[in-house]
Amino acid sequence: MTMQASRSLSLVSVRRVAATLALAGVVGGALFWVSHARATQLAVPDEPRIPAGAPIRSWADNGQGGLSLLQIIGGIELPRGATLRGTVTSDTNCAPDARGLSHCHNGIDLDNGMRILVLHTHAMMQHPCLEPGQRVTVTGFSGNWIMARTAAA
């Protein structure tokens with residue numbers, strides 16, 4: 001093989017490798033953009049993310065069977081598995097958003113004398129709000145997340 005033929009062969013090889021890398025970059029960039037755009041479309045500003053391992057798949061399921069996932073937005077955090085009883089003292093900010101989800105604020109006076117304020121994201125038309133005077137059992141889930149079970153459930 002002559003020197004010129006070998007240069008042509010290596011130039012063709014370099015071009016093929018460059019073209020393959022360019023195509024891979026374009027495809028990778030497109031996949032990233034599509035996944036990012038989809039995630040952006042699904043994100044709702046006032047809707048918290050459901051934490052990993054939670055017993056619900058969507059906020060529309062929250063409250064089913066009297067079991068609700070709540071986010072503590074004021075007061076003490078409960079360690080995972082710690083359980084306390086309490087009484088719901090307030091239910092405000094329950095107007096549903098554009099997706100039909102309510103982001104209720106509930107006060108809960110715990111039997112140990114502490115008070116917590118929680119965010120209860122749920123589909124009010126499917127699962128009712130926590131009501132003032134209602135007894136609940138709250139259990140620490142993860143960080144500022146707790147599970148609440150109504151006394152009737």
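This passage describes the fold of a single protein chain and then turns to a few of its residues, as they appear in a predicted model.

The secondary structure of the predicted chain consists of one helix and six strands, and these elements follow one another along the sequence in the pattern α-β-β-β-β-β-β. Of the 153 residues in the chain, 29% are buried. The accessible surface of the chain amounts to about 9,600 Å², and carbon and sulfur atoms account for 60% of that area. When contacts in the chain between residues at least 6 apart in sequence are considered, 58% of them are found to join residues at least 24 apart.

The six strands form a closed barrel, in which the order of the strands is β1-β4-β3-β2-β5-β6 and the pairing is antiparallel. From one strand to the next, the twist averages 45°. Within this barrel, strand β2, which covers residues 83–92, is joined to strand β5, which covers residues 135–142, by five bridges in the antiparallel sense. In this pairing, L84 stands opposite V138 of β5. On the other side of the pattern of partners, β5 is also joined to β6, with which it runs antiparallel, by six bridges, and here V138 has A148 of β6 as its bridge partner. V138 can therefore be followed from one pairing to the other, since it stands opposite L84 and is also the bridge partner of A148.Strands β5 and β6 make up a hairpin with two residues between the strands, and in this hairpin G143 takes a positive phi near 60°.

Strand β6, which spans residues 145–150, is mostly covered, as five of its six residues are buried. Besides its pairing with β5, strand β6 pairs with strand β1, residues 67–74, in the antiparallel sense over five bridges. In the pairing of β1 with β6, the bridge partner of Q71 is W145.

W145 also takes part in the one aromatic pair that the structure holds. Its partner is W59, and the two rings are stacked, with a distance of 6.0 Å from centre to centre and an angle of 25° between the planes. The pair links distant parts of the chain, for W59 lies in the loop between α1 (3–42) and β1, whereas W145 lies in strand β6, and the two residues are 86 residues apart. Both members of the pair are covered: W59 counts as buried because its relative accessibility is 4%, and W145 counts as buried because its relative accessibility is 9%. The cut-off behind both statements is a relative accessible area under 20%.

A further residue that may be considered in detail is H122, which lies in strand β4, residues 115–122. H122 has a relative accessible area of 0% and is therefore buried. The side chain of H122 reaches the backbone oxygen of H127 at a distance of 2.9 Å. When residues up to four places away in sequence are not counted, H122 touches W59, N62, G100, L101, S102, C104, H127, P128 and C129. H127 thus appears both among the residues that H122 touches and as the residue whose backbone oxygen the side chain of H122 reaches. W59, one of the residues touched by H122, is also a member of the stacked pair with W145.

Conventions
Residues numbered from 1 in each chain as written. Predicted model: local features only at pLDDT ≥ 70, side-chain atom pairs only at ≥ 80, totals over all residues. Heavy atoms only, no water. Pairing = 2+ DSSP bridges. Helix = DSSP H or I, 4+ residues; strand = E, 2+ residues; numbered from the N terminus. Axes fitted to C-alpha atoms, helices over the stretch in contact; angles between N-to-C directions. Buried < 20%, exposed > 50% of the residue type's maximum accessible area, 1.4 Å probe, protein only. Contact = heavy atoms within 4.5 Å. Areas by Shrake-Rupley, 256 points an atom, 1.4 Å probe, with all protein chains shown as cover. Polar contact = N/O pair within 3.5 Å; in protein donor to acceptor, adjacent residues only side chain to side chain. Phe/Tyr/Trp six-rings, centres within 6.5 Å; stacked < 30°, edge-to-face > 60°.
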